[in-house]
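Work through the exercises below with the model open beside you. Each task is followed by a stepwise solution.

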Protein chains: 2
Amino acid sequence: MGSVGRVQAQFMHFGEPLALHSGGVLPEYTLAYETYGTLNADASNAVLVCHALNASHHVAGVDELGNLGWWDNLIGPGKPLDTERFFVIGVNNPGSCFGSTGPMQTNPASGRPWGADFPVMTVEDWVEVQVRLVQHLGITQLAAVLGGSLGGMQALAWTLRYPQRLRHCIAVATAPNLSAQNIAFNEVARRAIISDPDFHGGHYQLQGVLPKRGLRVARMIGHITYLSDDVMDTKFGRRLRAAELAYSTQAIEFQIESYLRHQGDKFSEYFDANTYLLITRALDYFDPARAHGGDLAAAFEGARGNRFLLVSFTTDWRFAPERSREIVKALVDNRIDVSYAEIEAPHGHDAFLLDDPRYHGVMAAYFDRVAHDV
Amino acid sequence: MGSVGRVQAQFMHFGEPLALHSGGVLPEYTLAYETYGTLNADASNAVLVCHALNASHHVAGVDELGNLGWWDNLIGPGKPLDTERFFVIGVNNPGSCFGSTGPMQTNPASGRPWGADFPVMTVEDWVEVQVRLVQHLGITQLAAVLGGSLGGMQALAWTLRYPQRLRHCIAVATAPNLSAQNIAFNEVARRAIISDPDFHGGHYQLQGVLPKRGLRVARMIGHITYLSDDVMDTKFGRRLRAAELAYSTQAIEFQIESYLRHQGDKFSEYFDANTYLLITRALDYFDPARAHGGDLAAAFEGARGNRFLLVSFTTDWRFAPERSREIVKALVDNRIDVSYAEIEAPHGHDAFLLDDPRYHGVMAAYFDRVAHDV
């Protein structure tokens, strides 16, 4: 199994305004994307990979900064999503902060950074821009759309809005909508950011500051929900940082504290606060059953031509297996072709990014089917 | 079943310095407490009730401000902890902010508020002051010590340190120590408070401000962990506050958001930030097995003369039934008399404060036994 090697971001500009779900408009936008492998002659081997909260178009290989793609363990020559067979596209969603148009960039109407004025986008809006990108790459129908977590929601939304534009939907560690508890965690993270005095109503760039305190807390909260209770106990347990307790409310006593603070600090150095708000809102809003009176099966009626793989992880308490099973049931109710794997893995929600042999075995087998199913 | 009626806080001052677990000293302190019912002639019917993070000595009845005690549904004439039979004592722990000596009060050494200089206290330190209070009330041996959550840890610590001073230990919705995940949630809450610019290193009173932003976020995080996923879905689900979505990152869209913000706002008006740090640290530090190389059964060897009731709730994911079962196992390993009830209740950790008939039935039956077991 190899690496796709050195990769370089590409950029595509769209001058046509995009009408958004919210009623707003994104006047123009640029998408950052990467591709790996070669598009075949009839453009039938393309796989789109959708990203989750804090990821980007840099999915595989090594970029200019030497960073490995966030799903590099899955994607490359001889890997489960084999770039010898497939032409793989990673795209950064608008509103994010890794190269596509987002709140840190200039609002053409004001000449100043968008900041909090960047329009709220939904999962469905992202699918619209992804459709445009794929069209411009000369692809009429994708072999598959793949995503984990929020990325899985985008893969599902493709089948709901453009079922004829893809054959397979592969949705990993995802849910048909957020539970009240999921929304609650998002809301606390947002309040931490918004109540940071350096947030300035979302126009912190104009003040030359960044709401890093809020971002740190937001990331720490998120991180707890990505890990399972078990893996936290295995990795950290109640282990102390020093030989003795300091008996201090502010010092670091336990290794788990040190780990979380480190995660928060790192995140606050590279992630944009407005992006955090926008993407958590896209998560909150996703709810395809709503337009059908809560009937998820009715939502999937149009997707009868698509085939699905759903994967969940036993210790994922953020998007628990029960949530994937709701989707499986809605598909089965429509007699839609669906494979479902519930992987016993200790790592919680994070498992979808890790290299578990059973998980990757399922992915490899399914992509083998996708390759033969043209 | 009646109420204990109007109650009034009492105060007891202790001029003798208290040596603390941390190596520090609390030079003097006042305890706020309440009592309900009548101490019998041989002082054998006293029950001490220990409080958790945000509660106080006001356990039952109606105080001067018209507030109902936090465990009033359990305690009163004819109630499970029957004040016609028992003399019940509620005490506010030092470090808290409801009347006993704490960070908001004056440090005799400096003449200024203690603030962040208030010494860190452990569960065991609280037991020490509770022992002194009980002695001064003329009680040599308590019929029972009762507590839920952090209060349950205090009840357990009584049997470990002063087994001859109580007959029964009743520990509800508690754990033998915090898991890494529990500590992680505490740490995020602390970081939210400490990184609030109004915290001023814990000496905010001197600046005439309060770190309310941090307290709000801390309380919101805590609140999520008190409720079960199920009860959140039942109470709030994905219900919107308005008829339509606003598509805003900062407005309130979902009822769960509104509820959490309200809880945070309310809490930040009455709770002290330094107290939050101190009490979460006491939670983190509690770990009676540590002194015995992690062997919880060894920790309970001295408690062979005590009898125990442990109660847990099926949907409590903060202190899950498995954690209570660890305690039960350690007691059984010592052939200690223990009753254990695992109550099927939907309310998560909060269930211990609610009036569930099965739960209160168990409590009533056990206190009936305590009353006959003198």
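Contact here means heavy atoms within 4.5 Å. The model is predicted.

**Exercise 1. The two copies**

Task: Find the turn and the shift that lay chain B on chain A, and name the kind of axis.

Solution.
- Step 1. Two copies of a chain are related by a rotation about an axis and a shift along it.
- Step 2. For chain B on chain A, the turn is 180 degrees and the shift along the axis is 0.0 Å. The RMSD of the fit is 0.0 Å.
- Step 3. This is how a two-fold axis relates copies.

**Exercise 2. The interface**

Task: Describe how chain B meets chain A: which residues count, how much area is buried, and do the copies use the same surface or different ones?

Solution.
- Step 1. Count the contacts. On chain B, 57 residues touch 56 residues of chain A.
- Step 2. Take the area. The size of an interface is often given as the accessible area lost when the parts come together. Between chain B and chain A about 5,000 Å² is buried, and carbon and sulfur atoms give 64% of it.
- Step 3. Look for the main contributors. B:Arg238, B:Tyr247 and B:Thr249 supply 16% of the area that chain B buries against chain A, more than any other three residues.
- Step 4. Compare the surfaces. Of the interface residues of chain B, 98% are also interface residues in chain A, so the copies meet through the same surface.

**Exercise 3. The sheet**

Task: Give the strand order in chain B, then say which strands stand at the edges.

Solution.
- Step 1. Read the order. Eight strands of chain B form an open sheet, S1-S4-S8-S5-S9-S10-S11-S12, with mixed pairing.
- Step 2. Find the ends. S1 (10–14) and S12 of chain B each have a single partner strand, so one side of each is left without a neighbour in the sheet.
- Step 3. Note the twist. From one strand to the next it averages 20 degrees.
- Step 4. Check a parallel pair. S5 (residues 46–50) and S9 (residues 142–148) of chain B run parallel and are joined by four bridges. B:Val49 stands opposite B:Leu146 in S9(B).
- Step 5. Check an antiparallel pair, this time in chain A. Five bridges join S1(A) to S4 (residues 29–36) of chain A, and these two run antiparallel. A:Phe14 faces A:Tyr29 in S4(A) as its opposite residue.

**Exercise 4. A helix and its cover**

Task: Compare the span of helix H10 of chain B with the expected one, then list its buried residues and what covers them.

Solution.
- Step 1. H10(B) covers residues 321–333, which is 13 residues. From first C-alpha to last it reaches 18 Å, close to the 18 Å expected at 1.5 Å a residue.
- Step 2. Its buried residues are B:Pro321, B:Arg323, B:Ser324, B:Ile327, B:Val328, B:Ala330 and B:Leu331.
- Step 3. Their cover includes helices H2 (150–161) and H9 (296–299), and strands S11 (307–313) and S12 (338–343), of chain B.
- Step 4. Just after H10(B), B:Arg335 takes a positive phi of about 55 degrees.

**Exercise 5. One loop residue**

Task: Is B:Thr122 buried or exposed, and which residues is it in contact with beyond its sequence neighbours?

Solution.
- Step 1. Place it. B:Thr122 lies in the loop between strand S8 (87–91) and helix H1 (123–136) of chain B.
- Step 2. Apply the cut-off. Buried means under 20% relative accessible area. B:Thr122 has 2% relative accessibility, so it counts as buried.
- Step 3. List the contacts. Leaving aside neighbours within four places in sequence, B:Thr122 is in contact with A:Tyr247, B:His21 and B:Ala282.
- Step 4. Add a distance. B:Trp158 is 36 residues from B:Thr122 along the chain, and their C-alpha atoms are separated by 13 Å.

Key. Residues are numbered from 1 along each chain as its sequence is written. Chains are lettered from A and ligands numbered from 1 in the order in which they are written. This is a predicted model: local features need pLDDT of at least 70, side-chain atom pairs count only at pLDDT 80 or more; totals for chains, interfaces and linings use all residues. Side-chain values use heavy atoms; hydrogens and water are left out. Two strands pair if DSSP finds at least two bridges between them. Copies are superposed by least squares on the C-alpha atoms of residues with pLDDT of at least 70 in both. The expected span of a helix is 1.5 Å times one less than its number of residues. Buried means under 20% relative accessible area, exposed over 50%, partly exposed in between (1.4 Å probe, protein chains only). Buried area is the accessible area (1.4 Å probe) that two parts lose on being put together, summed over both. Axes are lines fitted to C-alpha atoms, for helices over the stretch in contact, and angles run from 0 to 180 degrees between N-to-C directions.
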